[in-house]
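Subject: Structure handover and notes

Hello,

Here is the structure I said I would pass on. My notes are underneath.

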Amino acid sequence: VRVPTDNSVNYNYKYGWHIDLPTSRESVVTNAKVRGSLVFFNTLIPNSQPCSFGGAGWLMSVKQVNGGPPDTPAFDLNGDYVVDDSDKVTDSSGNTAIAGGHSFSQGIPAESNFLGDHQYTPGSSGQIQHDVINVGESSNTGRLSWRQLEF
C-alpha cells in the first residue's frame, strides 16, 4: 500500500498539489474521477523491457484539497467487503495510517468506473478487478439525469 503525506497547501502561493510517484517511469495516463471529497486515479508502470508486453499499476485515492490520504479508509484492504477501521495499515514509522493507494492485481489498470460503493477497473490481463470503496460520505448518487421521450 501507499500512504501519501498530508501536507497543507497554501493556495495564496501555489496553484495546487502534486504527488511524486515513487517508481521509475510510473505515470498517470487515465482520467481521474472525483467521488465525494476524494480523487481516484490509476497509475501505470510499464515493463522494464522496452519491447515487452505488460507492467503493473496502482489504484489511488487521495483528498482533493491536498493530495493527502483519505480521512477514513477508502479501500477494503482486508477483503471482508466492508471498508472500516480494520482496513487501516501500518506506515514505515510503525504508526497506524490510512492508505492512499494499493497495488493493482490484474496487470496495468485502465480507467476505473464506479457504481455506488464499488470500483470496477479493467486490466491488461483481460479481467476486471472489483473493489469495495468508501468515499467518506454518502455515495448514493440516485438519479443523475433523465430524458422524457414524447412520440
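The notes below go through the sheet, the nonpolar cores and three single residues.

Please keep in mind that this is a predicted model.

The sheet

There is an open sheet of 3 strands, ordered S7-S8-S9 and paired antiparallel. S7 and S9 (128-132) are the edge strands; each has a single partner strand, so one side of each has no neighbour in the sheet. On average, neighbouring strands in this sheet are turned by 25° against each other, direction ignored. As general background, strands of a sheet pair through backbone hydrogen bonds, in either a parallel or an antiparallel arrangement.

S7 and S8 are joined by 3 bridges in the antiparallel sense. One pairing to look up is Leu115, whose bridge partner in S8 is His118. The hairpin of S7 and S8 has 2 residues between the strands, and Gly116 in this hairpin has a positive phi near 60°.

Between S8 (residues 118-122) and S9 there are 5 bridges, again with the strands running antiparallel. Here Gln119 is opposite Asp131 in S9, and Tyr120 is opposite His130 in S9. The hairpin of S8 and S9 has 5 residues between the strands, with Gly126 at a positive phi near 95°.

The two faces of S8 can be told apart by cover: Gln119 and Thr121 make up the covered face, while His118, Tyr120 and Pro122 make up the uncovered one. In general, the side chains of a regular strand alternate between the two faces of the sheet.

The nonpolar cores

The largest nonpolar core consists of 7 residues: Leu38, Phe40, Ala74, Phe75, Phe114, Ile133 and Val135. Another core, apart from this one, has 6 residues, including Val39, Trp58, Met60 and Val62. In soluble globular proteins, nonpolar side chains tend to be buried together.

Phe40 has contacts beyond its neighbours within four places in sequence. Its partners include Phe75, Phe114, Ile133 and Val135, and also Met60. Further contacts of Phe40 are with Ala32, Lys33, Arg35, Ser61 and Gln119.

Three single residues

Ser112 sits in the loop between S6 (101-103) and S7 (113-115). Is Ser112 buried or exposed? Its relative accessibility is 5%, and Ser112 therefore counts as buried; the cut-off for buried is under 20%. The side chain of Ser112 has a polar contact with the side chain of Asn42, at 3.0 Å. Not counting residues up to four places away in sequence, Ser112 touches Lys33, Asn42, Leu59, Gln119, Tyr120 and Thr121.

Glu26 is in the segment before S1. With a relative accessibility of 9%, Glu26 also counts as buried. Which residues is Glu26 in contact with, leaving aside its neighbours within four places in sequence? They are Arg2, Leu21, Thr43, Leu44, Ile45 and Trp58.

Asn10 is likewise placed in the segment before S1 (33-35). Asn10 has 38% relative accessibility, so it counts as partly exposed. The C-alpha atoms of Asn10 and Asn66 are 9.6 Å apart, with 56 residues separating the two along the chain.

Regards

How values were computed
Residues numbered from 1 in each chain as written. Predicted model: local features only at pLDDT ≥ 70, side-chain atom pairs only at ≥ 80, totals over all residues. Heavy atoms only, no water. Helix = DSSP H or I, 4+ residues; strand = E, 2+ residues; numbered from the N terminus. Buried < 20%, exposed > 50% of the residue type's maximum accessible area, 1.4 Å probe, protein only. Polar contact = N/O pair within 3.5 Å; in protein donor to acceptor, adjacent residues only side chain to side chain. Contact = heavy atoms within 4.5 Å. Core = buried A, V, L, I, M, F, W, Y, C linked by side-chain atoms within 4.5 Å. Pairing = 2+ DSSP bridges. Axes fitted to C-alpha atoms, helices over the stretch in contact; angles between N-to-C directions.
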